[in-house]
Each structure stands twice: as C-alpha cells, then as structure tokens.
Amino acid sequence: MRVMHVMAGAAEGGAENIMLESVLALAEAGYAQHVVTRPDNQFRIGKFKDAGIGVDTASFNNAWPFPTRSVLGRAIKAFKPDVIEYWMGRAGQFAPKAYRNRSVAWYGGYYKLARFTNCEWHVGLTIDLLRHIREQGVPEDRSAIIHTYADFTGSAPADRAALNTPADAPVALALARLHEKKGLDTLLDATAKVPGLYVWIAGEGPLEAELKAHCTRLGLDDRVRFLGWRNDRGALLEACDVVAFPSRYEPFGTVTVDAWAASRPLVAADAVGPAAYVKDGVNGLLIPKNDVDALANALSRVITDKALAAKLVEGGRASYEAQFNKAAFQRDSAAFYERVRAHAGPFAG
C-alpha cells in the first residue's frame, strides 16, 4: 500500500498534530508513504524524514497555484500512490482531477464539499462530521469515520519547577489555540473561583495579549502559565492533575482523546464534538459552554474528590481502548484504504 499525504495547514495546530501522528502510525504499520506540505512545517518534516518518509514542499498559494500544482503533479507521478489523502480544505483545492478515483478528503471541520471537488472519497473525524459529509451528497460507500488516536507511552512528566509550579499544587492543563472559540477566558474566570489551582495553557493564537491582560486583571499571574506552542503534550499531560477543555465551538477536539490516553480526568464544555463522546460522570465531566460557575465547580470536584477522579480516568481509558488507540486507527485506515485501492486499481501514471 502506497499512500501520499497532502497537508497545507499551519506550522502548528491540532489538525496538523493529527496528520503527523497518523502518518507515523501508518509508517509503523508498514505503509510506504510520501508527504507534500509547506516548507515552514519543519517540526513535522523532521519527524517524517526520521521515519524514512519522503517529503516535497510547496507554497499552497491560492493566488498563484501553478508552482504547487507542478510540485504535486511531479510527486504523484514519481511516487505512484494507491491513495492520495488531502488533509483539510486548502489541500483539497489542489487535488488534480486525473486522480479523483484514488483521492481522499479529510474533514477535521465542517468544510464545504466544493473544496474537495476532485476527491471521490471522504473521511470524517467524528460522527457529526460524517453526517455533514453525507448531507452534502456524498454516498455512504464513499465515506467513513476514522477516529484520531493518541499514544503517550513512555512520556516522562514535565518538570514542574521549570514551569514555576509547586510540586504539590493541583494543576489544570488546557491544550488550545488562543482563540475566542476555545473558551479560555471562561477558564481564567473559573480559576479565580478555585483557590490554589494552577493552570497551564499550551498554545498560541490571536488572543494571547488579551488573555494575558485578563489574567492580570483577575490577579492570577502567580497561578497561570502561558506556555506557548508545545510539541511535548505527553509530558505536560503526565505532569498535570486534570485536563480542562472549555471550548465554545469544537467539531471534535483531540484534547478529549489526549486526556483519556494519558489517564487524566477530563472536564469539557458541551460543544458538539465533546458532547458526542463525553458521558458526564463516566469518562469525564460535561458542563455547559460559557458557564464559569459550572467549570469552577467541576474542576474543584475533580481535584478534591480522588474517587471521582479515578472513576473518570477509568471510564476515559475504557473509551480510549474501545475507539481511539493506535491499533483501532491502523485497522480502520487499512480497511478504508483497501476500499479505495480496490476501486481505483493500479496506478497508471
């Protein structure tokens, strides 16, 4: 099986992490792979090359698409893929029509079908994204769910002292872009109501200055750490006590799976993605969006009630093993790719 991946995303981000970890998991499963991505994605490019995966780079500039189309065309002819997967809408817009029958559109959000005109196959990250795909007219036999996965086996915990955090303090971790959709202002407001709670916020984004100013107004500078973008999610998860996920809008939210994989209790707002998978009191605490008091109460419960925390960890781990571990991802990917290859036939150039 030969699979090409096309990613035109940002230098960092949740979908970009999913793509990286997916490609590495497929490499472990023995797939021959090639990647076409932007040149600024150096962290991922390094990981791909370390795994023996070839990489070509292109600008993915919609205003001047010809160089990218040329790079992609040459890469396809040289690699001869059985399957070409286009990760998100920007990449999908560059898919050549000649290879439509072996081209897969990957949806990490509610993208319009028009962005994947030259993709015959469609993969959704969640139940609701699959509904969205099919409601746009994609047949059932050309679409499927392939859940993401997380695997932090062997991750050593981050050094709390290096993050200016007491060893015995309760710590809530938020893995999120600093964007209005992520509800981090709600988390800061809730933190002000939970004495002694430290918060680590790992991410970058347009609201950085605004959130830091709000943190200062709340008098939380001594308990909140803005960590910037981090590539060591496993280490941060190992060192925290609870994962806070207060998003207002979230098609899925890989943070859910991250918490479950790392055996950490999860507190999540009821955006559509988490609400479809988090069962309140079973594998996490599910609270209303934008509800500061509910978030503060949930975080307080988890850090003070050890039995509750243990129950949520157990339930989260069970959900992870059932649907979101690496073996499940590899199995479901293999089944879908085989369908594509059987339909498209051998690469003809």
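1. The helices α9 and α12 are roughly perpendicular to each other, since their axes cross at roughly 115° and angles from 65 to 115 degrees are counted in that class. The structure discussed in this note is a predicted model, and these two axes come within 8 Å. Helix α9 covers residues 254–261, while α12 covers residues 306–324, and the crossing in which α9 passes α12 is left-handed. On the α9 side the contact is made by Val-257, Trp-260 and Ala-261, which meet Gly-316, Arg-317, Ser-319, Tyr-320 and Phe-324 in α12. Sorted by class, the residues of this contact comprise 5 nonpolar, 2 polar and 1 charged.

2. A second helix pair, α6 with α11, may be read alongside the first. Helix α6 (residues 184–191) and helix α11 (residues 292–304) pack with their axes 8 Å apart and at an angle of about 60°. The two are therefore oblique to each other, and α6 passes α11 in a right-handed crossing. From α6 the residues in contact are Thr-186, Leu-187, Asp-189 and Ala-190, and from α11 they are Val-292, Leu-295, Ala-296 and Leu-299. Classified in the usual way, this contact contains 6 nonpolar residues, 1 polar residue and 1 charged residue.

3. The next point concerns a sheet. It is an open sheet of 6 strands with parallel pairing, and the strands follow the order β10-β9-β8-β11-β12-β13. At its edges stand β10 (224–228) and β13 (285–287), each of which pairs on one side only. On average, and with direction ignored, neighbouring strands of this sheet are turned by 20° against each other. At the β13 edge, strand β12 (residues 266–269) pairs with β13 in the parallel sense over 3 bridges, and Ala-269 has Ile-287 in β13 as its bridge partner.

4. How do the helices α9 and α11 sit with respect to these strands? Helix α9 packs on the sheet and touches β8 (171–175), β11 (242–245) and β12, with its direction making about 175° with that of β11. Helix α11, for its part, lies across β8, β11, β12 and β13, and runs at about 170° to β13. The reader may thus follow α9 from its contact with the sheet to its contact with α12, and likewise follow α11 from the strands it lies across to its contact with α6.

5. Strand β5 deserves a separate paragraph. This strand, residues 103–107, is mostly covered, with 5 of its 5 residues buried. In a regular strand the side chains alternate between the two faces of the sheet. In β5, Ser-103, Ala-105 and Tyr-107 point one way, whereas Val-104 and Trp-106 point the other way, and all of these residues are buried.

6. Which strands pair with β5, and over how many bridges? Strand β4 (residues 83–87) pairs with β5 in the parallel sense over 4 bridges, and within β5 it is Trp-106 that stands opposite Trp-87. Strand β6 (residues 121–124) also runs parallel to β5 and is joined to β5 by 4 bridges, with Val-104 standing opposite Trp-121 in β6. Trp-106 and Val-104, both named in these pairings, point the same way from β5.

7. Two residues call for a look at their backbone angles. Most residues other than glycine have a negative phi, and most peptide bonds are trans. Lys-80, however, has a phi near 55°, a positive value in a residue other than glycine; this lysine lies in the loop between α3 (66–79) and β4, and with a relative accessible area of 44% Lys-80 is partly exposed. Asn-290 likewise has a positive phi, near 65°, and is found in the loop between β13 and α11, where its relative accessibility of 45% makes Asn-290 count as partly exposed.

8. The last point concerns a loop proline. Pro-195 is placed in the loop between α6 and β9 (198–202), and its relative accessible area of 72% makes Pro-195 exposed, given that the cut-off for that class is over 50%. From C-alpha to C-alpha, Pro-195 and Arg-223 are 9.7 Å apart in space, although 28 residues apart in sequence.

How values were computed. Residues numbered from 1 in each chain as written. Predicted model: local features only at pLDDT ≥ 70, side-chain atom pairs only at ≥ 80, totals over all residues. Heavy atoms only, no water. Axes fitted to C-alpha atoms, helices over the stretch in contact; angles between N-to-C directions. Parallel < 35°, antiparallel > 145°, perpendicular 65-115°, else oblique. Left-handed = near helix turned anticlockwise from the far one by under 90°. Contact = heavy atoms within 4.5 Å. Nonpolar A, V, L, I, M, F, W, Y, C, P; charged D, E, K, R; others polar. Pairing = 2+ DSSP bridges. Buried < 20%, exposed > 50% of the residue type's maximum accessible area, 1.4 Å probe, protein only.
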